Amino acid sequence: MTKVSRIKVDSQHLGYFLNNFWTTLTLLENKDQVANFLKDILTHTEMKMIAKRIQIAKMLLEGYSYQAIKNYVKVTDATISKISNILETRGEGLKIAIEHLKNIEKETEKNRMRSNQDLKRKYGI
């Protein structure tokens, strides 16, 4: 489990630190830079936790049941409930990110289908 230091940080300093974090993310120019940055700054466990939360949110927004999410993502009902509550009470950033992700997935699928059609035409498959 990820732990936060017990040594309290002044809220003004913490605000500055968080602002630097958000700014750093926006300055990265592509997926490779973001991936390298996050690999450097997050532990493997933290990355897995974030990736699972994103998948849970995606599946909830697509209408999957808790049981289906539990079986696919391998998480507890409490974790799913936490993400569900976020989506219901605030979650705008998460919803926007998931919408972008779904658009990219659709575009990738279209390109894959186009490639398959090209192969069929070229090779008569």
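Let's start with helix 5, which covers residues 77–89: its 13 residues reach 18 Å from the first C-alpha to the last, close to the 18 Å expected at 1.5 Å a residue. Keep in mind that this is a predicted model. The chain has 6 helices and 0 strands, and helix 5 is a handy place to begin looking around, as it packs against helix 3, helix 4 and helix 6 through its buried residues.

**Helix 5, side by side**

- Which residues of helix 5 are buried? They are Ile-80, Ile-83, Ser-84 and Leu-87.
- Looking down the axis of helix 5, you'd find its buried residues within an arc of 105°, so they line one face of the helix.
- On the other side of helix 5, Ala-78 and Thr-89 are exposed.
- The buried residues have three helices to pack against: helix 3 (44–61), helix 4 (66–73) and helix 6 (92–123).
- After helix 5 comes Gly-91, with a positive phi near 55°.

**Ser-84, a buried residue of helix 5**

- Ser-84 sits in helix 5 and has a relative accessible area of 11%, which is under the 20% cut-off, so Ser-84 counts as buried.
- What does Ser-84 touch, once residues up to four places away in sequence are set aside? The answer is Leu-60 and Tyr-66.

**The nonpolar core**

- The largest nonpolar core has 11 residues, among them Ile-56, Ala-57, Met-59 and Leu-60.
- Further along the sequence, this core also includes Ile-69, Val-73, Val-75, Ile-80, Ile-83, Leu-87 and Ile-98.
- Helix 3, helix 4 and helix 5 are the elements that give two or more residues to the core.
- Which helix gives the most? That's helix 3, with 4 residues.
- As a bit of background, nonpolar side chains tend to be buried together in soluble globular proteins.

**Two core residues and their contacts**

- Ile-69 belongs to helix 4, and its relative accessibility is 0%, so Ile-69 counts as buried.
- Leaving out neighbours within four places in sequence, Ile-69 is in contact with Ile-56, Met-59, Leu-60, Tyr-64, Lys-74, Val-75 and Ile-80.
- How far is Ile-69 from Leu-38 in space? The two are 25 Å apart, C-alpha to C-alpha, with their positions 31 residues apart in sequence.
- Met-59 is another member of the core, and its contacts, again without neighbours within four places in sequence, are Tyr-64, Ala-68, Ile-69, Tyr-72 and Val-73.

**Two lysines: buried or exposed?**

- Lys-58 lies in helix 3 and is buried, with a relative accessible area of 9%.
- Setting aside neighbours within four places in sequence, Lys-58 is in contact with Ile-98, Leu-101, Lys-102 and Glu-105.
- Lys-74 is found in the loop between helix 4 and helix 5.
- At 61% relative accessibility, Lys-74 is over the 50% cut-off, so Lys-74 counts as exposed.
- Although Lys-74 is not a glycine, its phi is positive, at about 65°.
- For context, most residues other than glycine have a negative phi.

**Over in helix 2**

- Val-34 is part of helix 2, which runs over residues 31–41.
- With 26% relative accessibility, Val-34 counts as partly exposed.
- Val-34 and Arg-114 are 80 residues apart in sequence, and their C-alpha atoms are 29 Å apart in space.

**The chain as a whole**

- Along the sequence, the pattern reads α-α-α-α-α-α.
- The radius of gyration is 19 Å, whereas a compact globule of 125 residues would have one near 14 Å.
- Along its principal axes, the C-alpha trace spans about 65 × 35 × 25 Å.
- How much of the chain counts as buried? It's 14% of the 125 residues.
- Among contacts with a separation of 6 or more, 33% are between residues 24 or more positions apart.
- The chain exposes about 10,300 Å², and carbon and sulfur atoms supply 57% of that area.

Key: Residues numbered from 1 in each chain as written. Predicted model: local features only at pLDDT ≥ 70, side-chain atom pairs only at ≥ 80, totals over all residues. Heavy atoms only, no water. Expected span 1.5 Å × (residues − 1). Buried < 20%, exposed > 50% of the residue type's maximum accessible area, 1.4 Å probe, protein only. Arc of directions from axis to C-beta. Contact = heavy atoms within 4.5 Å. Rg over C-alpha atoms; globule rule 2.2 N^0.38 Å. Areas by Shrake-Rupley, 256 points an atom, 1.4 Å probe, with all protein chains shown as cover. Core = buried A, V, L, I, M, F, W, Y, C linked by side-chain atoms within 4.5 Å.
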